[in-house]
Amino acid sequence: MISRDFNNWQLAEAFKAEMLPAVELAALQTRLETDPVFATEFHECVRMITALNESGKQKQFRNMLVNIHHDQTEKSTKPNWKVRTIPLRTHYLRTGAVAAGIALLTTLSTFWIVTHNEKKRSSQYSLLKRELETIKRSQSAIIRNINTPQNTTPVAPANFSGTGFAISNDGYFVTNYHVTEGADSVYIQNKEGEYFKAHLVTFDKTSDVAILKVQQSNFRFSKGEVPYTLAANKKTLGSKVFTLGYPQDEIVYNEGYISSKNGFLGDSMQYRLEIPAVPGQSGAPVVDNSGNVIGLITGKESESSGTTYAVSTKAIHRLIANSDLKLKLPKANKLSKLNREQQVEKLELYTYSVKVYKR
Amino acid sequence: MATDVVYRQHIKIVGPWILQNGGSESDVGDVFQEAMVVLYEKAQQEDFRLSCKIGTYLFAVCKYIWYKKLQGAQKQPGFLPDNAGNDEGRDWAYEDDVNAYKEREAHYQNLDIALDHLGEPCRSLLKAFYHNDKSMQEIAAEFGYTNPDNAKTQKYKCLNRLRKIFYGAQTKMR
């Protein structure tokens, strides 16, 4: 048995080396054809020897190459082919570093400009952001925080202010919901500085509208009925608009235009306006040329751009329709024939600052 | 020596290219040596024929190997030179040669593993004979056999065991 196996190997080696005499080769051929067990064994032997031989030769060749390589690098410590090496990652790193540098510079300079301009409001900025998170909008809500309490304020500090406007002379008043959100008590203040306590009547959180009512009986905003109307349909793109608000204790006038009929993220209850707005102007009326109130300012895109968003008065109409308020909206527009100065003069009487006190 | 000359001449061309494409100097050595082995294997074939210059062949093979290596390492070459793989519209010239080489390489590796499982003195004996090209006389002297014939008998015994391990393992794997 053993010797037969050895014979196989011997035979295979001889066969491989082509050293078999013709007679034995012929005998091998016939045996391979007639004896399949032997044939498989024999072929395995041949393949094994071939593989061993070849892998051995290849290893020798590899060793030779390694030696050549060593020779070469030893002979010339520096390789004799010189090339400027710019490895890829380093290359990208440099570009990346430049880009990062520019980005850093931009960020820092923007930050500097913002903080420089808003030095006084730097502490209010974060408050605005917090307000933002609670109403889950990425717009920055425009509420002004007043750090120093007014001399006549009835409650302790930590309060916010916004703007609002009358919708009926007997004390109904509109502002943004986010202004009044979480309020402990709400006061409205006219341009003379008089305070009136108000309470929340109804609100719509999604469209960010709240209706307040002044608590004092026999309260009147001004002598006459509310002189403007609330637009029931959306104004066309490009309409000139103006607004009055209380970013500070003085009333402030701004003008701009409707830059898109839909608001933030395509919100159809909003307008997108190009009009300057600063914290404290949330809830300020947006009025077109003929004296129709078309909406109220609710937020802005960022600190650095003039893009502002306003809730359409459609939202107010809808809110009133859904509630059971006995509320008579103004029907006659007395501003349409007046010039801008006169319009503003009238509107001032019905635009109040909203002071919100929170514990 | 022919290999020496071929090596020295062509690494000058391939080396800088690999360096430019994100390789280090040890990469140059590895890739070029692998390409040389591919060429060597191809030269062993009976129908060996090269339709282009050796340099062109080596360069193309090196490019392919290097590209595959980068791909394996999940990074792309920053750029491929304009003359990369322009061999009659084929993306990679001599890709088949490299793949055949890889396949054979795997086969050899299995063989080496089987050899390692063989145990002493068979492993050393077979290595001495096949890898280091020693004659039976030398082996007989080295391993302490009385004559070359005894060493030869031992070699056949070893081959038998190797065959069982190698083909046995292969049938198990299937």
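1. Let's start with the hairpin of E6(A) and E7(A), which has 4 residues between its strands. In the turn, Asp208(A) takes a positive phi of about 65°. This is a predicted model, so please read that angle, like every other value in this note, as computed from predicted coordinates. The strands themselves, E6(A) at residues 195-204 and E7(A) at residues 209-214, pair in the antiparallel sense over 6 bridges. Two places are handy for checking the register in your viewer: Phe203(A) stands opposite Ala210(A) of E7(A), and His199(A) has Lys213(A) as its bridge partner.

2. E6(A) has another antiparallel partner to look at: strand E5 of chain A, residues 185-189, pairs with E6(A) over 4 bridges. Here Tyr187(A) is bridged to Lys197(A) in E6(A). E5(A) and E6(A) also form a hairpin, with 5 residues between the strands. Within that hairpin, Gly193(A) has a positive phi near 95°. If you are going through backbone torsions, Gly193(A) and Asp208(A) are two residues to select.

3. What pairs with E7(A) besides E6(A)? Strand E4 of chain A, residues 172-175, does so in the antiparallel sense, over 4 bridges. Tyr172(A) has Lys213(A) of E7(A) as its bridge partner. Lys213(A) is thus a useful residue to centre on, since it is the bridge partner of Tyr172(A) and also of His199(A). E7(A) is mostly covered, with 5 of its 6 residues buried.

4. Next comes the loop between E7 and E8 of chain A, where E8 spans 229-230. Gln215(A) lies in this loop. Is Gln215(A) buried, exposed or partly exposed? Its relative accessibility is 43%, so Gln215(A) counts as partly exposed. Apart from neighbours within four places in sequence, Gln215(A) touches Lys197(A), Ala198(A) and His199(A). For Ala198(A), the separation along the chain is 17 residues, while the C-alpha atoms are 5.2 Å apart. Two of these contact residues appeared above: Lys197(A) as the bridge partner of Tyr187(A), and His199(A) as that of Lys213(A).

5. Ser222(A) sits in the loop between E7 and E8 as well. With a relative accessible area of 18%, under the 20% cut-off, Ser222(A) is therefore buried. Setting aside neighbours within four places in sequence, its contacts are Asn169(A), Leu349(A) and Tyr350(A).

6. Elsewhere in chain A, Glu41(A) belongs to helix H3, residues 36-75. Perhaps worth a look for anyone assigning protonation states: Glu41(A) has 16% relative accessibility and so counts as buried. Between Glu41(A) and Trp9(A) there are 32 positions in sequence and 9.7 Å in space, C-alpha to C-alpha.

7. Some totals for chain A may help to place these details. The chain has 8 helices and 15 strands. Of its 359 residues, 46% are buried. Among contacts with a separation of 6 or more, 68% join residues 24 or more positions apart.

8. Turning to chain B, how do helices H1 (residues 2-20) and H2 (residues 25-44) pack? Their axes are 9 Å apart and make an angle of about 130°, so H1(B) and H2(B) are oblique to each other. The crossing is right-handed. From H1(B), the contact includes Val6(B), Tyr7(B), Ile11(B), Val14(B) and Ile18(B), and from H2(B) it includes Val28(B), Val31(B), Phe32(B) and Met36(B). By class, the contact has 10 nonpolar, 4 polar and 2 charged residues.

9. H2(B) also packs against helix H4 of chain B, residues 95-118, at an angle of about 90° and with 10 Å between the axes. H2(B) and H4(B) are therefore roughly perpendicular to each other. H2(B) brings Glu34(B), Val37(B), Val38(B), Glu41(B) and Lys42(B) to the contact, and H4(B) brings Asp97(B), Val98(B), Tyr101(B), Lys102(B), Arg104(B) and Tyr108(B). In this contact of H2(B) with H4(B), 5 residues are nonpolar, none is polar and 6 are charged.

Note on methods: Residues are numbered from 1 along each chain as its sequence is written. Chains are lettered from A and ligands numbered from 1 in the order in which they are written. This is a predicted model: local features need pLDDT of at least 70, side-chain atom pairs count only at pLDDT 80 or more; totals for chains, interfaces and linings use all residues. Side-chain values use heavy atoms; hydrogens and water are left out. Two strands pair if DSSP finds at least two bridges between them. Axes are lines fitted to C-alpha atoms, for helices over the stretch in contact, and angles run from 0 to 180 degrees between N-to-C directions. Angles under 35 degrees count as roughly parallel, over 145 as roughly antiparallel, 65 to 115 as roughly perpendicular and the rest as oblique. A crossing is left-handed if the near helix is turned anticlockwise from the far one by less than a right angle, and right-handed if clockwise. Contact means heavy atoms within 4.5 Å. Ala, Val, Leu, Ile, Met, Phe, Trp, Tyr, Cys and Pro count as nonpolar, Asp, Glu, Lys and Arg as charged, and the others, Gly among them, as polar. Buried means under 20% relative accessible area, exposed over 50%, partly exposed in between (1.4 Å probe, protein chains only).
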